[in-house]
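Thanks for coming. I will talk through one structure today, starting with its cysteines and then moving to a strand and some rings.

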Amino acid sequence: RQHEAPRRVKRAWVIPPISVSENHKRVPHLLVQIKSDKQQPGGVIYSIKGPGVDEEPLGIFSIDKFSGKVFLNAMLDREENDRYRLRAFALDLGGATLEDPTDLEIIVVDQNDNRPLFRQDVFTGRVVEGAEPGTCVMTVDATDADDPDTDNAALRYSILEQGAAGMFSINATTGEICTARPGLDRETMGVYNLTVQAADMSGDGLTTTAMAVIYLEDINDNPPEFTKEEFSMEVEEQAAGVDVGKVFVHDKDLAGSPGWLAKFTILEGDPEGSFAIRTDPHTNDGVLSVVKPLDHEVRDRFELTVSVQNERPLEPSAPASPRALATVRVRVRDVNEAPVFRENPRRISVLEGTPPGTAITTYTASDPDTHQIQTLSYALLYDPADWLQLDPHAGTVRTKRELLHPSAFLQGGWYIALLLARDDAEPPLSATGTLSIEILEVNDHAPQLQPPAGVLCGRPGRGGTLLLGATDDDRPPHGAPFHFQLSPQHPQLTRNWSIARFNVTHAVLAVLAELPEGPYSLPLLLRDSGTPPREQQQLLNVSVCHCGRDGTCLDGVLAAATAGAGITLGALMIILGSTILLLVLAALGAARVRGRRRALRKGLLQRSRDDMRDNILNYDEQGGGEEDQDAYDINQLRHPELFSPRAKPPLRRDAPLSSGTPLVPRKLPSSPSDIEDFINEGLEAADSDPSVPPYDTALIYDYEGSGSVASPLSSIVSSLTDEDQDYDYLSEWGPRFRRLADLYG
């Protein structure tokens, strides 16, 4: 394949790039003249297109269409457009293209018209105090809008101001800030403010500045120190859990940091551990407190050696503190102290029955205030049985009355009393002592035979024995075991009877020979095990019964014997007769009450059914209220002849005892409709009686009581007409009021 030869382009139509400086102020400015080789007789028309001509930004470039001269019409800014690429055209007068379009490139030459700019106004960095030289802290950086390929954007950094110490340096090319020398101390200067500069043209052009703030971080390079070598404090004796005072320290490290917090220790002067010291978290001072009560009479002053150090260990480079120890002197102030019963409670023993006035103990207290002259007095604070009397000055306790046992005031054989000891200081203080008195048992009671009578079969062997027992009011060891024996004064008893021990409280009486039936009295001697033992002779009433085949007493004989031994038959009959009589009287009373109620209901029901009272309902007597048990009897309206003056009138509770009765008997109404006239006549008769107040004798009411839930009868006539009354509630009273509900509802 044959290769086409490249088309030859004339040099005159190839336009090299054109350079023009930005910010050129003389406009219009001729940039270049283009010319085509194909000249026509009528001439060539030139034109250009592209950014700056017919594209944004418009109007920057123009061309003379006849001469081909290209002009700059406005100032250029390289930072906006660093070059423009245009197209040039050559046409004849008819508009036909004479040559192919060619490129026209205009390059904007940079000028140093932009200052460097730091990325932020203030740069912040941190470095620990005492850092070695060369420790980098931060990097500051700036930018320049000029051409980076020229010196216009070649930046150099420097520190304009950092104080007289010159502790930091900056890398001129990278802007990295590092420590320049040792000796950074936060306690001397905690913050460094550096003024840094950036300049273009390699440091010789335009400049700008910013701030670099460097904070020094604290390390524990300063030990805490007491503000002085000695501290003095004072505290009252017997005070515990109170603060005595503070020891003050100073630490140069950052307040609140672990290298600042102090820790205190009591090294010497407190062998009993009476004091404690803690750190105040707000002030870092030491707070000394008392944890055990102090006694001025035992020790009136303390001299403590206290040390201080940080919670966090010191840095190895930190110097030792010459004031890490301090002396704290504490004086114990004397105050009035309450008396003390050294033996509390005091326990003593007293024999029961001790006569009144016997001194049983001297119970005194001591005053801890040995450096003060005070007098103690005593009083009985608690003596429930009023058994004791107390000497108010010597504290001697004596019996006021005989101490007896048993008693409701004894608790397990102990009597508890409380004594009060008081000093004469201002204000006086007191103490309470407990006196526990053991009432020792005395063997002052002989055993008693229980029971004193019994029944047994008079045949030796089976059935011829009786179990005997005894009781003793004394407590151990003055009671059981008991000793039973037949009276030595009657030796003949041993021929027919014998006593053998059963246990510590019982013995067995046995028949030795067959005895006839009948009562026997056996004198027995009973003795307890007290010290010394007490004994007493007692009679045992024994009934010998008729023996059955199995060796037991027959029932009839046993009942008679038991009655004779315990209670007589006559007494038993009297008791039974009295009981039967009471039951009969109660039955008669109940029958009489029921009869009266039955007669009342019969009298109410025998009237005509046309009577409005019977048409309502018939109820038993309910009373006027919860406390009214004597309601008015309506039979007075039905049978006034029964209640005439000839009969004894009922006693009225609302009238005087001397009230009279109507002078003329009242006439029975002829029909139920005359009931109103009947009542009015009774009212008039009562009003005409001068001996009584104007009470209506036909109506006898009782006090209804304050707890009645019924509404007053006056509410029925409280209105002038029935239309003003609401009787709907009658329908809620049940079926017995349905007739009234139909009439008035």
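A word on terms before the residues: a residue counts as buried when its relative accessible area is under 20%, as exposed when that area is over 50%, and as partly exposed in between. Please also keep in mind that this is a predicted model.

Cysteines, then. A disulfide is a covalent bond between the sulfur atoms of two cysteines. Here the count comes to three disulfides.

Take Cys 457 and Cys 547, which form a disulfide with their sulfur atoms 1.4 Å apart. The torsion about this S-S bond is about 130 degrees, so the disulfide is right-handed. Cys 457 lies in strand 34, residues 453-457, while Cys 547 is in the loop between strand 40 (535-545) and helix 1 (555-565), so the link ties together parts that are 90 residues apart in sequence. Is Cys 547 buried or exposed? Its relative accessibility is 13%, and the cut-off for buried is under 20%, so Cys 547 counts as buried. Cys 457 is buried as well, at 1%.

Next, Cys 136 and Cys 178 are joined, S to S 2.3 Å. With a torsion of about 70 degrees, this disulfide is right-handed. The pair links distant parts of the chain: Cys 136 belongs to strand 10 (residues 136-139) and Cys 178 to strand 14 (residues 176-179), 42 residues apart. Cys 136 has a relative accessible area of 39%, so it is partly exposed. Cys 178, at 11%, is buried.

That leaves Cys 545 and Cys 553, whose sulfur atoms are 1.5 Å apart in a disulfide. Their link is left-handed, with -70 degrees about the S-S bond. Cys 545 is buried at 3%, and Cys 553 counts as buried at 16%. If you number the bonded cysteines in sequence order, the pairing reads 1-2, 3-5, 4-6.

Now to a strand. In a regular strand the side chains alternate between the two faces of the sheet. Strand 25, residues 325-333, shows this alternation. Ala 326, Val 328, Val 330 and Val 332 point to one face and are buried. Leu 325, Thr 327, Arg 329, Arg 331 and Arg 333 point to the other face and are not buried.

Which strands pair with strand 25? Strand 18, residues 230-236, pairs with strand 25 in the parallel sense over seven bridges. Strand 24, residues 301-310, runs antiparallel to strand 25, and seven bridges join the two. Thr 327 is a useful place to look: Glu 230 stands opposite it, and so does Thr 305.

Last, the rings. The structure holds eleven aromatic pairs. One of them is Phe 341 with Tyr 363, a tilted pair at 4.7 Å centre to centre, with 45 degrees between the planes. Phe 341 is in the loop between strand 25 and strand 26 (346-351), and Tyr 363 in the loop between strand 27 (359-362) and strand 28 (377-382), 22 residues apart. Both Phe 341 and Tyr 363 are buried.

Trp 387 and Tyr 415 have ring centres 4.7 Å apart and planes at 35 degrees, so that pair is tilted too. Trp 387 is buried at 6%, and Tyr 415 at 1%.

Elsewhere, ring pairs link Phe 226, Phe 231, Phe 248 and Phe 264 into a cluster. I will end on a charge: the charged end of Lys 49 sits over the ring of Phe 89, 5.5 Å from its centre.

Key:
Residues numbered from 1 in each chain as written. Predicted model: local features only at pLDDT ≥ 70, side-chain atom pairs only at ≥ 80, totals over all residues. Heavy atoms only, no water. Disulfide = S-S within 2.5 Å. Helix = DSSP H or I, 4+ residues; strand = E, 2+ residues; numbered from the N terminus. Buried < 20%, exposed > 50% of the residue type's maximum accessible area, 1.4 Å probe, protein only. Pairing = 2+ DSSP bridges. Phe/Tyr/Trp six-rings, centres within 6.5 Å; stacked < 30°, edge-to-face > 60°. Lys NZ or Arg CZ within 6 Å of the ring centre and 35° of its normal.
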